[in-house]
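Could you walk me through this model in the viewer, stop by stop? I would like to know what to select next and what is there.

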Amino acid sequence: MLMRKFRVQNYKKIDDTGWINCGKLTAFVGKNESGKSAIFRGLSKLNPSDGQKYDGLKEFPRRRYSSEFKTKDWIVSSAEFELSQRDIAELTKLDPIFNNIKYVICAKSYSNQITVQFEPQLGLQKISKNDYLNSLTKWKENIENLTAPEGKGEQLAPIKSSISSYLQTKINQLPQVSGAYVQPEIINEISTTILNQMNESWAKELFKDILDQNKKFVEKTKLDSKINDAANWIVSNIPQFIYFDRYDVIDSAIHISNFIQRLSQSPDDPRLRTTKCLFEHVGLDIHTIQKLDPTKPETTELAIRRLADERAILMSSASAAMTKKFSDWWEQRKHKFRYDVDGPHFRVWVSDDLDPSEIELDQRSAGMQYFFSFYLVFLVEAEKTHKNSILLLDEPGLQYHGTAQMKTVQFFRKISEQNQILYTTHSPFMIDGDHLEDARIVFEDKDTGFTKVSDNVWPDDIDSTFPLQAGLGYALAQTLFLSKKQLVVEGLTDYTLLKAMNELLEKKKMTMLNKDVVITPAGGTRYLMPLAGMLFGNKIKMAILLDADQPGIQKQKEMKEKLLMDCILINSVGNSDTVEIEDLFEEQVYLDAVKASYPSVELNFNSAEQQMKGISKRIKSLFDRTNNSFEKWKPNNVLISWIQSDPNGKHKISDKTCKYFESLFKEVNKKLEI
């Protein structure tokens, strides 16, 4: 199962985050004390690997506790999971009705009970007590009015009396049964009791309508039971949440006997956990190392030589394995590891390409030790207890240099194919500038102080967005000079839409931007000329995409006059009404995105607005007229979410739209190949 979105409510300083979309790798960016850790800890307890439960006394928002906590069982965490084909196959074994289920929503409250909702929703199968009482009363009246077939009057009379009396008893008892719904065993009992009175075929035929009606109730209760079974299967199979908030540094000298003793006594001790991963990652068994001790007094000379050789070969092999694997992670220097058993101690020695002197691991830089220890735990446990789990990493990489942090994000992206990863950060180097759509901003609401999460890139919180701005700035600065082919666009909204559609076309096996082309947002048409001049001076090939509005047309003319460059106007790949990149989408899809972003605004265009070219301009005019503020990035981010998570679903990205973008990318590729 893949978690598509989640929500945390009524937890510490969180009132309600709202639904937060997430992919295989999602970064949560925010300043200290913004609530990032609370979000992760609250979510982790939906299905925690460490068995932690919700504690309302300590975790319910303190300012609301006395007046609200005891009023109901408050929901804390909710998550929507996309079912795999294997998941659907397992559910279909319970009943074919589950074959069409695509998603499930699991929610957990302070009572630590999980509820499951299937999407598409299944019809309510529970039978209300009132409905069933009405049926029993009607059946009793019908039975009392039954007429016996010829010659069967004396036989029918006691059957009618017995069943009528029995139904009256149930009618009297049912209101006393707890709950608003009828228990399945009561419905089954009534069917069995009536059938037991039917010894001959004529009687069964006479009571057939009543038996058939009750049979329908029985079938409903069976389906209800299957839904419960399916919900139980979901609860047993949703991914575990692994919450990491501490990353212990490994010891460089390990006393073998003491370590084995401590491990047997406290296998979950964090320090032991890290050291245990050290051995497991390169296939070393600590018990085997202990046995290969040539100093034992009873050991013969030949055996001593054999044990010493075996231990040396084992250490050499493990050292080479670690050296090779670590070089794939840490690129600041090329390190060489040597594992050694020195008397009762297992030691880790490290040298590097700049200094061949061997130094104990705990004498290396804090960042290098931290990196080494973290990845040992991460890699080993992700292959074991964390497999098919969701990893929640709270502030990983704090002690790394900036380039090491960027390498960390690359590593996360690689292993997120097997384990979905969510992580928090306030470092710009932990943000992937090529995937800003994966970033979520965590900030405090200025009015309430509650934690909020924004799916958009630029909420109104400068401190919270600074890492994102810095990360974007760094990524842009790198691309300006490292990439020799660039598509320059007016703004960030164009950038994110083009990136998302480029990925979609790749999935559809359609023409996308050439791999060596980088998209660069200029930040508005006023910055296009200096940016283009700088790139032109560094002999970088450019294609420039402009809106087909008056500023865009004017800028195209200016670029041609001063830099002898032909720009691409967006209407060259769309229809005659195309003004901005949003016009390449089906109009109804974009309107749906606007409605999702601004649900309270009625999208009723007047006659003048209907004549305007460009859906964004029509929307902007409508918002101005109705005294509302319109920001393009909001519907654009909804569009990106649909493109990435459900391009063939309710809000389908049409083939026509895909062909428009394909035409655009073909034109860009052609310009940059000249």
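Here is a tour with two stops, a parallel sheet and a group of antiparallel strands. This is a predicted model, in which local features need pLDDT of at least 70, side-chain atom pairs count only at pLDDT 80 or more, and totals for chains, interfaces and linings use all residues. Residues are numbered from 1 along each chain as its sequence is written, and side-chain values use heavy atoms, with hydrogens and water left out.

**First stop: the parallel sheet**

Select the open sheet of 4 strands, ordered E18-E17-E19-E20 with parallel pairing. Strands here are DSSP runs of E with at least two residues, helices are runs of H or I with at least four, both numbered from the N terminus; a pair needs at least two DSSP bridges. E18 (517–521) and E20 (568–569) are the edges; each has a single partner strand, so one side of each lacks a neighbour in the sheet. Now show E17 (residues 485–489), joined to E18 by 5 bridges, with Val-489 opposite Pro-521.

Next, add helix H18 (residues 528–537), which lies across E17, E18 and E19 (541–546) at about 165° to E19. Angles run from 0 to 180 degrees between N-to-C directions of axes fitted to C-alpha atoms, for helices over the stretch in contact (heavy atoms within 4.5 Å). Helix H19 (residues 550–563) touches E19 and E20, making about 155° with E19.

**Second stop: around E11**

Move to E11 (residues 345–352), where 6 of 8 residues are buried (under 20% relative accessible area, 1.4 Å probe, protein chains only). Click Arg-347: Ala-253 is its bridge partner, and Asp-340 also stands opposite Arg-347. Finish at the E10–E11 hairpin, where Gly-343 in the 2-residue turn has a positive phi of about 65°.

Note on methods: Buried < 20%, exposed > 50% of the residue type's maximum accessible area, 1.4 Å probe, protein only.
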